[in-house]
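Q: Could you walk me through this one, starting with the ligand and then moving on to the rest of the protein?

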Amino acid sequence: MTSTTPTASTGENAPVDPTTTDAWAALGRVKEGFRPDLRAWFADDPGRAQRYTFQAADLTVDLSKNLLTDEILQALLQLAQDVDVAGRYRAMISGEHINVTEDRAVLHTALRRPESGDVEPAKPFEVDGQDIDRDVHGVLHKVADFANAVRSGSWTGVTGKRVATVVNIGIGGSDLGPVMVYEALKPYVQEGLEVRFVSNIDPSDVYEKTHDLDPETTLFIVASKTFGTLETLTNARLARQWLWEGLAKAGAIEDTDESRRGAVSKHFVAVSTALDKVQAFGIDPDNAFGFWDWVGGRYSVDSAIGTSVAIAVGPDRFAEFLAGFHAIDEHMRTAPLEQNVPVLMGLLNVWYTNFLDAQTHAVLPYTQYLHRFPAYLQQLTMESNGKSVRWDGSPVVTDTGEVFWGEPGTNGQHAFYQLIHQGTRLIPADFITVANPPHPLKDQVGDGGAVQPGTDVHALFLANFFAQTKALAFGKTADEVRAEGTAEKVVTARVFSGNRPTTSIIAPALTPSVVGQLIALYEHIVFTEGTVWGIDSFDQWGVELGKKLAQEITPAVTGDADALEQQDPSTKSLIRRYLELRE
Ligand code: F6P
């Protein structure tokens, strides 16, 4: 990535106000009377599809069905230069404290630096007195050894049985990343191993995930960056109680402290930056995997937080996963802005959000294995960029942060696509798919259905992917509807306006590397938008107030009449109603 006008948009320096730039003014002028016409744009420009299709590692990214012209693109690229996306990215990967409100470096990119070979910043890479590569690879080796031990059966439970089920207990970044990647890489999971995920403090979650398990073959991973999160610690205690009770019932442990401690040491491990708190919980520090405060929770699946994934798919596959991230990091660092896919996608989001009034962004994976990807992206994008002050504490000068949402195709087609096709809102959508499914099933001879004998069902699936992006882009005119013999009174209802923007992302297959590439792609999209908006994408103060109030309200909910009296009228009456209903 090259930058011609570095403006040092890092640290505590005031961010560039993007709205004062010539590029912003140019975009504003384009927006006036903007009449997108993808039909005409493609008809008049036979090279459009090729010109707007880019490659980033294994990802082929077609931006041509976006509401994008060369004039818009030039202005967006100028904007990226004016706010110095490249300079800020360099600052981030070098370990500058760009997370100013927490005074921290932001170094998730360091989690996937290769152990050997040249890399930027060059080795030895020291930040705030820490040898980053030594520590990162030290933990990765420890995770790999542990994963191998569990996979081979050399690590056993307290009764000598090998582990059959790993239960990851965590929430937010300590859950969404591991569960999404585990689901994405299901075809690579070792036979005989299953991973489950407990996150919600609703007791139903831990119950449902444990009640049918055998404590003797269950391993819990308590994953919490802070090791202070109410949900995770409560669930960890519930799980420990379940373990002790189950083992005691089976006669596997004695009713003694020593016996219980022995059980925890074989059935509980932890991942955290707070190893002292791990020990206080009763987990042996030898069974703990560390990471560092410069890894944000939502950026942590490639740290030891991914231990459950490393166990499930094995350390070699986990290494490929990390290599996928690194490939996109390198693309982000080195590709010129005009071919830099995360930058281009981030800039497009700015165009839609700040100029075309889009408020939401759909992510539509056409691969069932990515079914948790939209949920994962919700934390990554919205916890990062849902901010109203900039990194110097001043108010933002534009709207920030889109609402990300989505479901896998084709399920979404039969649910909310109606609104994307014909609703009144502009909803940019990312369509993501792979050419080669792990299970390339063919449809059998039917009994008269539309599907022909021997149809490759993945091809059928992808026909939907291509059809949807085509319909969204090019729509259907009233004349085309009439030409089908449609009665005049329903013609308007059957018109599709088209010009509904989509990005198509196609990879060869959903390999560990490709999953890493997709995550890094969106991390850097978020980064690009955050830089334009001048916000610290790496803090999350907005989740604190609710957590604090939950602690204050707990006595009122559990029967303290004075605490109940102190609540506001609405909250008080709701709690009273709850107490009346509670049996
Ligand atoms: O929801 C806020 C948050 O701090 C997230 O950023 C984080 O991923 C999650 O809570 C879990 O935190 P921890 O890993 O410290 O338990």
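**Ligand site and beyond**

A: In this predicted model, a polar side-chain atom of Glu-383 is placed 2.6 Å from an oxygen atom of the ligand.

Q: How much of the ligand's accessible area does the protein cover?
A: The ligand on its own has 390 Å² of accessible area, and the protein covers 88% of that.

Q: Which residues are closest to the ligand?
A: The ligand is surrounded by 14 residues, and the closest are Ser-174, Ser-224, Thr-226, Thr-229 and Glu-383. By class, the shell around the ligand consists of nine polar, three charged and two nonpolar residues.

Q: OK, and where do Gln-379 and Gly-173 come in?
A: Gln-379 has a polar side-chain atom 3.2 Å from an oxygen atom of the ligand, whereas for Gly-173 it is a backbone N or O atom that lies 2.7 Å from an oxygen atom of the ligand.

Q: And what about the pocket, which one does the ligand take up?
A: The ligand takes up the space of the largest pocket.

Q: Switching topic, how many cavities of 30 Å³ or more are there?
A: The count comes to six cavities of that size, and the largest cavity holds about 100 Å³ of space.

Q: What lines that largest cavity?
A: Its lining is made up of 14 residues, and those nearest its centre are Ile-93, Thr-109, Arg-113, Glu-120 and Asp-329.

Q: Last thing, what does the domain assignment give?
A: Domain 1 is assigned to 18-98 + 335-405 + 433-468 + 507-533, domain 2 to 130-315 and domain 3 to 549-581. Taken over C-alpha atoms, the centres of domain 2 and domain 3 are separated by 34 Å.

Key:
Residues are numbered from 1 along each chain as its sequence is written. This is a predicted model: local features need pLDDT of at least 70, side-chain atom pairs count only at pLDDT 80 or more; totals for chains, interfaces and linings use all residues. Side-chain values use heavy atoms; hydrogens and water are left out. A residue is near a molecule or strand if one of its heavy atoms lies within 4 Å of it. A polar contact is a pair of N or O atoms within 3.5 Å; within protein, one must be able to donate a hydrogen and the other to accept it, and residues adjacent in sequence count only if both atoms are side-chain atoms. Accessible areas come from the Shrake-Rupley method with a 1.4 Å probe; for residues, only the protein chains shown count as cover. On a 1 Å grid over the protein atoms alone, a cavity is a set of points where a 1.4 Å probe fits but cannot get out, and a pocket is an open set with protein on both sides within 12 Å along at least five of seven lines; lining residues have an atom within 4 Å of a point. A molecule sits in a cavity or pocket if more than half of its atoms lie within 2 Å of its grid points. Ala, Val, Leu, Ile, Met, Phe, Trp, Tyr, Cys and Pro count as nonpolar, Asp, Glu, Lys and Arg as charged, and the others, Gly among them, as polar. Domain bounds come from an automatic or database domain assignment. Grid points are joined across faces, edges and corners, and a volume is the space filled by probe spheres set on the points.
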